[in-house]
Amino acid sequence: MGPRIGVFGAGAIGGFLGVHLAAGGADVTLLGRRSLLEHAGRLRARRVDGARVEPGASLRLTDDPEQLRDRELVLVTVKSGDTEAACTQLAALTRRDCVLVSLQNGLDNSATLRARLGDRVVGGIVSYNVIREDGGACLRQTTGGSILAGRGAGEVAAAMRTLARALDVAGLTLELRDDIDEVLAGKLVINLINGVCAATGLSLADMLRSRDARWCWAQCMREGVDILTRDGRRPARVIALPPWLLPRVLGLPNAIVTRVARRLVSVDPAARSSTLQDLERGKPTEIDALNGAIARLAARHGARAPANEVVTAAVHELEGQRAPLRFLAPGELRARVEAARGR
Ligand SMILES: NC(=O)c1ccc[n+]([C@@H]2O[C@H](COP(=O)([O-])OP(=O)(O)OC[C@H]3O[C@@H](n4cnc5c(N)ncnc54)[C@H](OP(=O)(O)O)[C@@H]3O)[C@@H](O)[C@H]2O)c1
């Protein structure tokens, strides 16, 4: 039997990774809510190339946190708003030598976990998008990319190499990095797309085809790079283009964007940002840990981040609505950002 791996908060990302790890022979326990258990015996994944992945017999689904007690590695994949609560449960549950890998978006999740659980916490990112299909029984990857995580030291480093091997057997790449804080900052800059997609209700592909929506994302990214740099962080490149260059490319006409950044626009038409997926499921979103985090950080530095403020406020408005949600047209979002920049 392969390594004993747990997933704390198995939704889209945690479920996708858990299915792969089990398919590769790891002994995997997915902790989720009752809704996860409905998929027992049916949970599966679909890769970006369309390949179907079945987990085999070494996957267990549970809503009982006690089942994580014997795990040597736990992937933390709850939304940012659930991280504090996860800390408390993980501190009570896991072995002291259990290595915890946060694969959440946002800047502060791994730091929050580390403050409570110590150096056995490693930060990481998943650079691709995963959506639920077939009522959540199938977790489908809709864009290309890889997983990046900190290298760790000593026994933590050994555990991270074990995880990298287990993922490799499953056909997934984990790149171990020495600059994971910069990677997290770079991912946050890219993730500012989440708020723009959620405010407008656009899929990733449609958002990239809209010049006004791209303009809003570019403004959010410019502010993000500026504020993170003022805060002493150096956002690293996590997709084909570096975070400082991407806003410039997005401002070009559609035809040029399509040609220059084909990798950016050739996403699956079904790809939807996780913030939009939350709105559609009537769940609270992570917007305060994404665009909201840039607006807060700006305020801390006596500056403003009007595009991120506007986008955050627009998503909060939608959180309070009953279906059908009244999304903003991309031009309307742009007009609000322009007005806020002029104030
Ligand atoms: N989806 C993507 O494409 C993607 C890509 C890269 C990174 N990410 C990041 O990965 C993280 C997870 O995203 P996701 O889309 O996978 O979210 P998700 O589908 O909402 O999955 C999180 C799951 O954890 C469950 N959960 C929360 N607290 C729990 C607890 N104490 N015990 C058991 N289960 C618990 C949630 O249940 P409830 O909803 O019922 O509370 C939910 O099912 C986020 O930080 C996100 O930004 C997502």
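## A guided tour of selected helices and one loop

Alanine 335 lies in helix α16, which covers residues 330-342. Select this alanine first, and bear in mind throughout that the model is predicted. Is alanine 335 buried or exposed? The computed relative accessible area of alanine 335 is 41%, so the residue is partly exposed, since that label applies between 20% and 50%. Now add glycine 144 to the selection. Alanine 335 and glycine 144 are 191 residues apart along the chain, and their C-alpha atoms are separated by 32 Å.

**Second stop: valine 78**

Next, select valine 78, which is found in the loop between strand β6 (73-76) and helix α3 (83-93). Valine 78 has a relative accessibility of 12% and therefore counts as buried, the cut-off for that term being under 20%. Which residues are in contact with valine 78, if its neighbours within four places in sequence are left aside? They are Phe8, Gly9, Thr83, Ala86 and Gln104. Display glutamine 104 together with valine 78: the two are 26 residues apart in sequence, while their C-alpha atoms are 7.0 Å apart in space.

**Third stop: helix α1**

Move to residues 12-23, which form helix α1. From its first C-alpha to its last, this helix of 12 residues reaches 17 Å, close to the 16 Å expected at 1.5 Å a residue. How many residues of α1 are buried? The count is 10 of 12, and the helix is mostly covered. Among the buried residues to colour are Phe16, Leu17, Val19, His20 and Leu21, and the glycines Gly14, Gly15 and Gly18 also belong to this set. Following α1, select glycine 25, whose phi is positive, near 105 degrees.

**Fourth stop: helix α14 and what covers it**

Select residues 291-300, helix α14. Seven of the 10 residues of α14 are buried, so the helix is largely enclosed by the rest of the structure. The buried residues are Asn291, Gly292, Ala293, Ile294, Ala295, Leu297 and Ala298. What covers the buried residues of α14? The cover includes α6 (180-191), α7 (193-200), α9 and α15. After α14 comes glycine 302, with a positive phi near 70 degrees.

**Fifth stop: α14 against α9**

Two packed helices are described by the angle between their axes and the distance between the axes. Keep α14 on display and add helix α9, residues 211-230. The axes of these two helices come within 10 Å and cross at roughly 45 degrees. The helices are therefore oblique to each other, and their crossing is left-handed. To see the contact, show Cys220, Glu223, Gly224, Ile227 and Leu228 of α9 with Asn291, Ile294, Leu297 and Ala298 of α14. By class, this contact has six nonpolar, two polar and one charged residues.

**Last stop: α14 against α15**

Finally, replace α9 with helix α15, residues 306-319. The axes of α14 and α15 come within 8 Å and cross at roughly 135 degrees. That angle makes α14 oblique to α15. The crossing of α14 and α15 is left-handed. Which residues meet here? On α14 they are Asn291, Gly292, Ile294 and Ala295, and on α15 they are Asn308, Glu309, Val311 and Thr312. By class, the contact of α14 with α15 has three nonpolar, four polar and one charged residues. To end, select Asn291 and Ile294 of α14: both take part in the contact with α9, and both also meet residues of α15.

Technical notes. Residues are numbered from 1 along each chain as its sequence is written. This is a predicted model: local features need pLDDT of at least 70, side-chain atom pairs count only at pLDDT 80 or more; totals for chains, interfaces and linings use all residues. Side-chain values use heavy atoms; hydrogens and water are left out. Axes are lines fitted to C-alpha atoms, for helices over the stretch in contact, and angles run from 0 to 180 degrees between N-to-C directions. Helices (H or I, at least four residues) and strands (E, at least two) are DSSP runs, numbered from the N terminus. Angles under 35 degrees count as roughly parallel, over 145 as roughly antiparallel, 65 to 115 as roughly perpendicular and the rest as oblique. A crossing is left-handed if the near helix is turned anticlockwise from the far one by less than a right angle, and right-handed if clockwise. Contact means heavy atoms within 4.5 Å. Ala, Val, Leu, Ile, Met, Phe, Trp, Tyr, Cys and Pro count as nonpolar, Asp, Glu, Lys and Arg as charged, and the others, Gly among them, as polar. The expected span of a helix is 1.5 Å times one less than its number of residues. Buried means under 20% relative accessible area, exposed over 50%, partly exposed in between (1.4 Å probe, protein chains only).
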